[in-house]
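This briefing introduces one structure to a reader who has not met it before. Please look over the sequence and the structure shown here before reading on.

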Amino acid sequence: MTVSSTEQPGSPSPLKARRIRFSYPDGAQRQHFADGQLVASHMFAVLSGLFPEGEDFFIRSVRAHRGEITDPAMMQAVKGFIAQEATHRQQHKILNERLQEMGYPTARLDRHLKHLFGLWEKVLPEKMCLAATAAAEHYTGMLAEIVLNSDEMQDMLGDSDIRSLLLWHAFEECEHKAVAFDVFRAIGGTERMRKAGMVLIQATFLPEVIIQTARSLAFDRAAYNPVRLVRSVRALRRSPLFDRAAMYRYGSYYRNDFHPDDWDTTDLLAEWSKKLFDADGAQRA
Ligand SMILES: [Fe+2]
Ligand SMILES: [Fe+2]
């Protein structure tokens with residue numbers, strides 16, 4: 001893999017896009033790349049399928065309000081956010097092409113999401129799109145933190161470049177988890193609309209992941225082995241993604257005066273920065 005950093009010298013924001021190239025050699029991965037787990041592999045493939053159109057929507061939602069931002073530090077953070085999400089989008093597009101070849105229907109999911117986000121942008125005010133983005137970033141930041149905190153989740157990501165990509169993405173999601181939220185507040189977004197954004201995300205994101213994972217499994221012959229399917233569902237259900245602590249975290253967004261930094265990830269980011277990147281910000285091999 002090759003990497004270069006685009007950190008802006010003197011920036012008040014630590015956010016930066018790291019240009020990273022992962023390799024997915026043909027035939028080098030098991031189809032069930034998530035440690036052989038059937039349902040987890042399909043769910044991770046669906047999550048990857050959500051990212052290109054999802055992150056494009058996040059970028060458009062934040063960019064639409066750039067003219068209203070007066071704080072230079074926030075403007076710098078927005079630039080870093082957009083640069084990071086654009087890189088995630090690009091890398092997941094490449095991964096999704098590979099996943100499609102491996103039998104995961106990511107291309108159809110991509111078309112479906114393009115239509116869905118296009119519809120949202122037609123019918124919802126721009127501020128509501130930003131509220132939905134801030135809420136979605138609560139999910140991505142939380143999922144990222146769970147992955148970075150859990151050896152079990154890291155083992156579940158397998159041992160290929162898919163794991164490397166997801167760890168890098170998780171790190172940057174933790175880094176920029178408050179940017180869309182802070183922009184929403186800075187432009188006068190109300191608590192009521194902020195929570196409504198989460199209702200919208202919960203009403204669409206969770207059903208989408210469940211339905212799309214089920215559809216993806218329907219095209220996999222291995223899923224027609226009921227013993228393997230049930231074991232795989234149970235393993236995922238027992239994972240840190242669905243334990244009591246995670247449920248509490250998902251719901252914390254509805255607290256009055258919630259802020260993403262209420263969950264401090266400073267130490268976690270410092271630890272993973274050393275594991276993933278060298279002193280110049282380039283990814284360790
Ligand atoms: Fe991202
Ligand atoms: Fe993000």
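How are the donor residues of the iron ion (ligand 1) spaced in sequence? They follow the pattern E-x29-E-x2-H-x80-H-x3-E. The model is predicted, and the points below cover its metal site and its largest pocket.

**Metal site**

- The iron ion (ligand 1) has as its protein donors Glu55 (OE), Glu85 (OE), His88 (ND1), His169 (NE2) and Glu173 (OE), at 1.8 to 2.3 Å from the ion.
- A distance of 3.7 Å separates the iron ion (ligand 1) from the iron ion (ligand 2), and both are coordinated by Glu85.
- Because Glu85 belongs to helix H2 (residues 72-101) and Glu173 to helix H6 (residues 161-175), this pair ties together parts that are 88 residues apart in sequence.
- Glu85 is buried, its relative accessible area being 0%.
- Glu173 is buried as well, with a relative accessible area of 3%.

**Largest pocket**

- The largest pocket holds about 400 Å³ of space.
- Its lining consists of 18 residues, and those nearest the centre of the pocket are Met43, Leu206, Val209, Ile210 and Phe242.
- At least two lining residues come from each of helix H1 (38-63), helix H4 (126-149), helix H8 (191-218) and helix H10 (244-251).
- H8 provides the largest share of the lining, eight residues.
- By residue class, the lining of the largest pocket comprises 16 nonpolar residues, two polar ones and no charged ones.

Conventions: Residues numbered from 1 in each chain as written. Chains lettered and ligands numbered in written order. Predicted model: local features only at pLDDT ≥ 70, side-chain atom pairs only at ≥ 80, totals over all residues. Heavy atoms only, no water. Donors = N, O, S within 2.8 Å, 3.2 Å for Na, K, Ca; no water. Helix = DSSP H or I, 4+ residues; strand = E, 2+ residues; numbered from the N terminus. Buried < 20%, exposed > 50% of the residue type's maximum accessible area, 1.4 Å probe, protein only. 1 Å grid on protein atoms, 1.4 Å probe; cavity = no way out; pocket = protein on both sides within 12 Å on 5 of 7 lines; lining within 4 Å. Points joined across faces, edges and corners; volume = space filled by probe spheres on them. Nonpolar A, V, L, I, M, F, W, Y, C, P; charged D, E, K, R; others polar.
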